[in-house]
Amino acid sequence: MTTSEQLFEKAKTLIPGGVNSPVRAFRAVGGNPLFIKSAKGPYIFDEDGNRYIELINSWGPMVLGHAFEPVEEAVREAIQHSFSFGAPTRKEVEMAELIIDMVPSVEKVRMVNSGTEATMAAVRVARGFTGRDKLIKFEGCYHGHGDSFLIAAGSGAITMGTPDSPGVTKATALDTLTAPFNDLYAVERLIDANANQIAAVILEPVVGNMGCVLPEPGFLQGLRDLCDKNGILLIFDEVMTGFRLAKGGAQERFGIRPDLTTLGKIIGGGMPVGAYGGRRDIMDVVSPAGPVYQAGTLSGNPIAMSAGLAMLRHLNEHPDVYARLEELGTRLTDGFRASMIKLGLDFTINHLGSMYTLFMTERPVANFVDAKTCDLPLFGRYFNAMLKRGIYLAPSQFESLFLSVALTDELVDQVIWANEEALKEVI
Ligand SMILES: *Cc1c(COP(=O)(O)O)cnc(C)c1O
């Protein structure tokens with residue numbers, strides 16, 4: 001037994017399923033999860049002494065590569081002044097100022113400790129602000145594990161109003177309406193059927209959580225118009241796309257201003273951080289400025305703020321990072337396409353900037369129903385064939401991969417080669 005296997009066996013007796021977040025367990029791909037010991041730059045090292053090229057990057061945060069020195073340095077500096085005060089600090093003010101500077105629609109912002117907290121709070125704020133209860137989300141979009149969002153959340157049941165998880169009440173599920181991604185007409189019908197009852201439309205403006213799925217031209221603008229016409233708040237969940245698709249996230253890239261934005265992942269530089277922000281008049285309903293309660297003992301934690309600030313400052317001051325991410329994404333996906341032509345395959349690759357998914361289906365993937373046409377057993381074999389060749393992918397077909405600027409052209413070429421060999425092996 002490898003060390004990872006031993007650790008997993010023991011973990012299963014101590015932790016539900018042996019992991020602290022489900023997808024880590026490799027259930028969708030078969031095999032045993034790797035237990036990770038360390039990571040540096042583009043590489044991750046497991047407990048068994050293997051090195052892999054990283055395409056998960058902690059599900060996004062490591063956009064500058066692992067253990068990026070300015071972030072390390074900032075944390076080292078911060079820990080000399082104690083780890084938490086539960087009182088305001090200078091760094092929180094600097095962090096808020098920087099986020100507002102970088103993200104086009106954010107005029108005021110509140111820090112929290114995870115993406116889940118951010119989306120839960122944003123929806124509460126939307127409900128408090130509008131005085132309405134219902135929510136529209138899209139099938140296959142994931143917004144963390146808050147009760148309201150565990151409805152058609154990436155891989156479960158897609159029936160409207162049916163919770164994906166026991167423990168979510170029917171009443172909660174009834175307040176969450178779902179539409180297919182990229183289907184404006186479906187959204188319009190939901191709005192008409194629930195006149196003056198919908199507080200917010202929430203979405204990943206570019207989806208990562210059913211695999212990478214792009215908004216079709218006009219979709220985001222169409223949602224913006226529908227929300228404006230009906231007094232509904234538009235929430236962009238940019239936990240994945242924020243600070244990744246552009247300095248100001250998908251909203252900058254597509255030129256659409258949501259009313260509220262949720263942030264996570266990159267914003268903490270690898271520390272547990274989230275944030276929600278948006279229009280000043282909306283954010284001013286949040287306690288203690290207004291009546292909508294939201295709080296957190298460790299929110300704005302000084303160590304986490306230091307890591308996040310170092311990360312965001314670097315991104316803010318180095319626009320070349322985004323140019324480089326574009327180059328890497330294009331090189332990798334062009335290489336994958338060339339391999340598929342060589343092998344006579346026609347699988348769908350969705351790609352934007354440093355996010356991509358190779359879908360094991362020939363059908364274009366614009367929503368969750370399309371994504372579910374993928375050959376999942378084939379993906380499992382492909383995943384393991386890549387792992388064998390030293391490439392660490394997300395262990396599910398329904399995930400985006402994330403590139404970091406720590407990758408070099410040579411490493412991307414290694415990934416392209418491994419991909420071609422893996423496809424040859426599993427087809
Ligand atoms: C990861 C993610 C979340 C949840 O964030 P956590 O920090 O895992 O709670 C929410 N929304 C999106 C789009 C995400 O990708």
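**Notebook: cores, ligand site, Asp-259**

Started with the packing: in the largest nonpolar core, which counts 73 residues, Phe-138 and Tyr-382 touch the most other members. I'm working from a predicted model here. Next I asked which helix gives the most to this core. That turned out to be helix 14 (residues 409-426), with eight residues. Both domain 1 (3-67 + 319-426) and domain 2 (69-317) give residues to the core, so I place it between them.

I then noted a second core, apart from that one, with 31 residues. Its members include Ile-99, Phe-243, Leu-309 and Ala-310.

**Tyr-382**

I listed the contacts of Tyr-382, skipping neighbours within four places in sequence. I got Phe-336, Leu-358, Met-360, Leu-393, Asn-419, Ala-422, Leu-423 and Val-426.

**Domains**

Back to the split: the domain assignment has domain 1 as 3-67 + 319-426 and domain 2 as 69-317. I took their centres over C-alpha atoms and found 25 Å between them. To the contact, domain 1 brings 35 residues and domain 2 brings 38 residues.

**Ligand**

Which residues are around the ligand? I wrote down Ser-114, Gly-115, Thr-116, Tyr-142, His-143, Gly-144, Glu-204, Asn-209, Asp-237, Val-239, Met-240 and Lys-265.

Then I went through some polar distances. From the side chain of Thr-116, an N or O atom is 2.6 Å from an oxygen atom of the ligand. Asp-237 puts a polar side-chain atom 2.6 Å from a ligand nitrogen atom. With Tyr-142 the backbone is involved: one of its polar atoms there is 3.3 Å from a nitrogen atom of the ligand. I also checked how much of the ligand is covered: the protein buries 83% of the 380 Å² that the ligand exposes when taken alone.

**Asp-259**

Last stop was Asp-259, in the loop between helix 8 (249-254) and strand 9 (260-263). Is Asp-259 buried or exposed? Its relative accessible area is 4%, so I count Asp-259 as buried, the cut-off being under 20%.

What does its side chain reach? I found a polar contact with the side chain of Arg-224 at 2.9 Å. The side chain of Asp-259 also reaches the backbone nitrogen of Leu-234, at 2.8 Å. Leaving out residues up to four places away in sequence, I have Asp-259 touching Arg-224, Ile-232, Leu-233, Leu-234, Gly-277, Gly-278, Arg-279 and Ile-282. Arg-224 and Leu-234, my two polar partners, are thus both on that contact list.

Conventions
Residues are numbered from 1 along each chain as its sequence is written. This is a predicted model: local features need pLDDT of at least 70, side-chain atom pairs count only at pLDDT 80 or more; totals for chains, interfaces and linings use all residues. Side-chain values use heavy atoms; hydrogens and water are left out. A nonpolar core is a set of buried Ala, Val, Leu, Ile, Met, Phe, Trp, Tyr and Cys residues joined through side-chain atoms within 4.5 Å. Buried means under 20% relative accessible area, exposed over 50%, partly exposed in between (1.4 Å probe, protein chains only). Helices (H or I, at least four residues) and strands (E, at least two) are DSSP runs, numbered from the N terminus. Domain bounds come from an automatic or database domain assignment. Contact means heavy atoms within 4.5 Å. A residue is near a molecule or strand if one of its heavy atoms lies within 4 Å of it. A polar contact is a pair of N or O atoms within 3.5 Å; within protein, one must be able to donate a hydrogen and the other to accept it, and residues adjacent in sequence count only if both atoms are side-chain atoms. Accessible areas come from the Shrake-Rupley method with a 1.4 Å probe; for residues, only the protein chains shown count as cover.
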